[in-house]
Amino acid sequence: MVEDDAGMSDQVPAVVPALVFDREYVPVLVGGSVVTGRFTVGGASVVIGPAGMVIIAEASAAPAKSGVWNAEEVRLIGPAPAPVTERLMGAPWGVDEGSLPIHIAVCVRGEVLYLGTAQVSQAGTSDGVLTDCELRFAAPLSRELLNRVRPPLPPEHLPDLEWLGNVNGDRAAALEQFVTGWYPTAGATESPTSDSASRLPGGLRQLYRLAKQRPGALGIQNRILPEPDLHTDHLGEMLVFGVENQGGFFWSLLWTLEGPEADPTVWFREFDEEPIAEQEPLSGFLIQFSLFEASMGAEYLALPRKLTAPQVERLTEALHLVPLRPFWPWAPTHFYVAPGLVVHVSSEDGEAFDAWAGATHRSALDPLAGLPIDWNRFDG
């Protein structure tokens, strides 16, 4: 029966009026006239029957709504009711309903586009409730179809590159322009001020001011410590202000009781190893740190497998190189940007390269679309 009903999906038109799809095709896809239930999950309509499930999402680019995410992936954003959770996760009493087909469709201006079937690839729960679910299409969508069901954002709505012109001029302006352009405001928060605040370099004071309304500016992967959490190292010689997410290394400044140096050297240190100077002083380091964290924490990603030098050249040829010396002594890292897009490229040996691209919207990844690169993930 499952095979027959799944085969019926071949008879569903690619485009059909929404009312017709709901009345004539949904019952066939989920198992005749018997429907176990209809639910709304993250803005998508989910219909469950004895022979399958249909998820009907709205065409949208909102990250917080259920719908198509990229050419290969659909996301269902919970919380989901128990019947949906059980069907997607598998019923606890052993009925293997998870093998039943899951049909995906998207509603666009009163019409439904049937996209085919998908399978659960990853799911999260909290107290037994489905909170999020990623499903992989049986066959990837064409770019034309993807643009219909997950509309691109007009270029003028992407963060611009005005900040780039100030990188080797007014770095304080460059930092502010990038941070305020990349991160939406999240509301002002009160931050306590310690006795050390007046002795901090201007770059750190500026970042703390920006982070009051944009907390993401302090980092997603690694982080700049909040001002009250700043501390000296075990020798009392260095002021630790940045830490790796697992505590493997940290960044610090030479600590004195006198007035702060205007643009001090940043020191990288792994555990008890000798500290290594970052190639850029604090003003450039904070721009690099902000670029790295913006890309790492972005909603939309493009993640290639290991690259060769010629592939890096192809990847970055349509982008702008950020004119700063390499970041991070472990694996020297350069940054390349376009509106709403940050790509960082690093290598430990100069032969094999790692790259990570993060964007504020999937359409910002357009400069990378169509490249002859093997992607682990591509949200564009």
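The paragraphs below go through a sheet, a helix and a set of aromatic rings in a predicted model.

Residues are numbered from 1 along each chain as its sequence is written, and side-chain values use heavy atoms, with hydrogens and water left out. In this predicted model, local features need pLDDT of at least 70 and side-chain atom pairs count only at pLDDT 80 or more, while totals for chains, interfaces and linings use all residues.

Begin with the sheet. Helices (H or I, at least four residues) and strands (E, at least two) are DSSP runs, numbered from the N terminus. Two strands pair if DSSP finds at least two bridges between them. An open sheet of 6 strands follows the order 17-18-19-20-16-21, and its pairing is antiparallel. Strand 17 and strand 21 (375-378) each have a single partner strand and stand at the edges, so one side of each is left without a neighbour in the sheet.

Moving along that order, strand 18 and strand 19 are antiparallel and share 6 bridges; here Ala-338 is opposite Leu-341 of strand 19. Strand 19 and strand 20 also pair in the antiparallel sense over 6 bridges, with Ser-346 opposite Asp-354 in strand 20.

Next comes strand 16 (residues 300-304). How many of its residues are buried, that is, under 20% relative accessible area (exposed is over 50%, partly exposed in between, with a 1.4 Å probe and protein chains only)? The count is 5 of 5. In a regular strand the side chains alternate between the two faces of the sheet. In strand 16, Tyr-300, Ala-302 and Pro-304 point one way, whereas Leu-301 and Leu-303 point the other way. Strand 16 is joined to strand 20 by 3 antiparallel bridges, and Tyr-300 has Ala-359 as its bridge partner there. Another 3 bridges join strand 16 to strand 21, again antiparallel, and in strand 21 the partner of Pro-304 is Trp-375.

Now turn to helix 5 (residues 171-182). This helix has 12 residues and reaches 16 Å from its first C-alpha to its last, close to the 16 Å expected at 1.5 Å a residue (1.5 Å times one less than the number of residues). Arg-171, Ala-174, Leu-175, Phe-178, Val-179 and Trp-182 are buried in helix 5. Seen down the helix axis, the buried residues fall within an arc of 115°, so they line one face of the helix; the arc is that of the directions from the axis to the C-beta atoms. These buried residues pack against helix 6 (202-211), helix 7 (282-296), strand 19 (341-346) and strand 20 (354-359), where contact means heavy atoms within 4.5 Å.

Aromatic rings come last. Rings of Phe, Tyr and Trp (its six-membered ring) pair if their centres lie within 6.5 Å; planes under 30 degrees apart count as stacked, over 60 as edge-to-face and the rest as tilted. By this rule there are 20 aromatic pairs. The centres of Phe-249 and Trp-328 are 6.0 Å apart and their planes stand at 45°, so this pair is tilted. Phe-249 lies in strand 13 (residues 249-254) and Trp-328 in the loop between strand 17 (320-321) and strand 18 (333-338), so the pair ties together parts that are 79 residues apart in sequence. Both Phe-249 and Trp-328 are buried.
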